[in-house]
Amino acid sequence: MANTQAAFGFRHIGYLGGGSPDYQLSTGLILSSNTTKIFRGDPVVRTVSTGKIAQASNNTETIVGIFDGCMYTPTGGIPQWSPYWPGAASVDATAYFIDAPNALFMAAALNTSIVTANIGENVGYAIGTGNTTNGFSGATIDQSTLNTTNTLPFRVVAPVTTSGNFGQIGNGSDPSTAYGWAVVAFNSQNFKQLTGLA
């Protein structure tokens with residue numbers, strides 16, 4: 001069955017073997033004047049100028065984790081939870097993100113599917129357009145970046161197929177057609193990066 005395009009960002013699905021599960025989310029601040037929306041499942045960075053959390057924009061940045069919602073105070077309102085950062089608030093918001101170094105994520109390919117031969121390669125992402133109705137990210141795995149480059153943010157663990165450890169039936173499970181889903185782990189991330197962040 002051919003896949004249909006269905007971007008949902010980087011969905012946390014578990015942990016690499018040998019590591020302890022850590023379901024605690026890390027926190028950081030989002031600058032109240034940051035007008036760029038951040039969606040659940042987006043890779044995020046800590047900005048050099050302010051140290052605040054922001055949506056990652058390219059594969060050369062060292063990501064700190066995957067965004068998982070925020071608490072923010074709309075202008076003239078009260079603090080509230082949101083699965084995405086709406087792009088404005090009266091004060092800095094609290095961001096929640098997944099940064100466990102052994103975390104596993106499922107994501108859809110931007111176009112050509114990830115296949116078994118890609119296991120162990122490093123890969124980047126494309127941000128895409130998030131969904132303001134449900135708060136989910138439009139980020140995808142950018143298969144055009146597959147490489148051994150050590151600074152790419154993710155490592156391919158496996159394609160999602162109808163069999164195997166990450167098997168499923170239905171959309172995303174046909175690696176012979178575009179938009180297949182794959183499982184990735186962090187490669188170049190805050191806790192897995194040898195160079196300290198500025």
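Here is a chat between a biologist and a modeller about this predicted model.

Biologist: Let's start with the fold: how many helices and how many strands does the protein chain have?

Modeller: Reading along the sequence, you meet β after β in the pattern β-β-β-β-β-β-β-β-β-β-β-β. The final tally for the protein chain is zero helices and 12 strands.

Biologist: And what does the radius of gyration of the protein chain say about how compact it is?

Modeller: The globule rule gives 16 Å for 198 residues, and the protein chain comes close to that, so it is as compact as a globular protein of that length. For the overall dimensions, the C-alpha atoms fill a box of roughly 50 × 40 × 30 Å along the principal axes. The radius of gyration itself is 17 Å.

Biologist: What share of the contacts with a separation of 6 or more comes from residues 24 or more positions apart?

Modeller: First some background on burial: of the 198 residues, 47% count as buried. As for the contacts in the protein chain with a separation of 6 or more, the share from residues 24 or more positions apart is 71%.

Biologist: How far apart do the centres of the positive and negative side chains lie?

Modeller: The surface first: the accessible area is about 9,200 Å², with 53% of it belonging to carbon and sulfur atoms. On the charges, the protein chain has 7 positive and 9 negative side chains. The centres of those two sets lie apart by 5 Å.

Biologist: On to the aromatics. How many residues apart in sequence are the parts that Phe8 and Trp181 tie together?

Modeller: The whole structure holds eight aromatic pairs. Phe8 and Trp181 make an edge-to-face one, at 4.8 Å centre to centre with 75° between the planes. Phe8 sits in the segment before strand E1 (11-15) and Trp181 in strand E12 (residues 181-186), so the pair ties together parts whose distance in sequence is 173 residues.

Biologist: Are Phe8 and Trp181 buried or exposed?

Modeller: The cut-off for this is under 20% relative accessible area. By that standard, both Phe8 and Trp181 are buried.

Biologist: What about Phe154 and Phe186: is that pair stacked or edge-to-face?

Modeller: The rings of Phe154 and Phe186 are 6.1 Å apart, centre to centre, and their planes differ by 20°. Planes under 30 degrees apart are what the label needs, so the Phe154 and Phe186 pair is stacked.

Biologist: Which strands does the pair of Phe154 and Phe186 link?

Modeller: Phe154 is buried at a relative accessible area of 0%, and Phe186 is buried too, at 2%. The two residues are 32 residues apart, and the pair links distant parts of the chain. The strands are E11 (residues 154-159) for Phe154 and, for Phe186, E12.

Biologist: Which residues do ring pairs link into a cluster?

Modeller: Phe154 and Phe186 are both in it. In full, the cluster is made of Phe10, Phe105, Tyr125, Phe154 and Phe186.

Biologist: What is phi of Tyr179?

Modeller: Tyr179 is in the loop between E11 and E12, and is partly exposed with a relative accessible area of 23%. Most residues other than glycine have a negative phi. Tyr179 has a positive value, near 70°.

Biologist: Which residues does Ser26 touch, not counting residues up to four places away in sequence?

Modeller: Ser26 is in strand E2 (residues 26-30) and counts as partly exposed, at 21% relative accessibility. Its C-alpha is 8.8 Å from that of Gly65, 39 residues apart in sequence. The residues Ser26 touches are Ala95, Tyr96, Phe97 and Asp99.

Biologist: Is Ile127 buried or exposed?

Modeller: Ile127 is in the loop between strand E9 (122-126) and strand E10 (140-147). Leaving out residues up to four places away in sequence, Ile127 touches several others, among them Asp42, Pro43, Gln55 and Ala56. Its relative accessible area is 16%, so with the cut-off at under 20%, Ile127 is buried.

Biologist: And how far is the C-alpha atom of Thr116 from that of Pro175?

Modeller: Thr116 belongs to the loop between strand E8 (103-108) and E9, and counts as exposed at 56% relative accessibility. Thr116 and Pro175 are 59 residues apart along the chain. Their C-alpha atoms are separated by 8.7 Å.

Key
Residues are numbered from 1 along each chain as its sequence is written. This is a predicted model: local features need pLDDT of at least 70, side-chain atom pairs count only at pLDDT 80 or more; totals for chains, interfaces and linings use all residues. Side-chain values use heavy atoms; hydrogens and water are left out. Helices (H or I, at least four residues) and strands (E, at least two) are DSSP runs, numbered from the N terminus. The radius of gyration is taken over C-alpha atoms; the globule rule is 2.2 Å times the number of residues to the power 0.38. Buried means under 20% relative accessible area, exposed over 50%, partly exposed in between (1.4 Å probe, protein chains only). Contact means heavy atoms within 4.5 Å. Accessible areas come from the Shrake-Rupley method with a 1.4 Å probe; for residues, only the protein chains shown count as cover. Lys and Arg count as positive and Asp and Glu as negative; His and the chain ends are not counted. The place of a charge is taken as NZ of Lys, CZ of Arg, CG of Asp or CD of Glu. Rings of Phe, Tyr and Trp (its six-membered ring) pair if their centres lie within 6.5 Å; planes under 30 degrees apart count as stacked, over 60 as edge-to-face and the rest as tilted.
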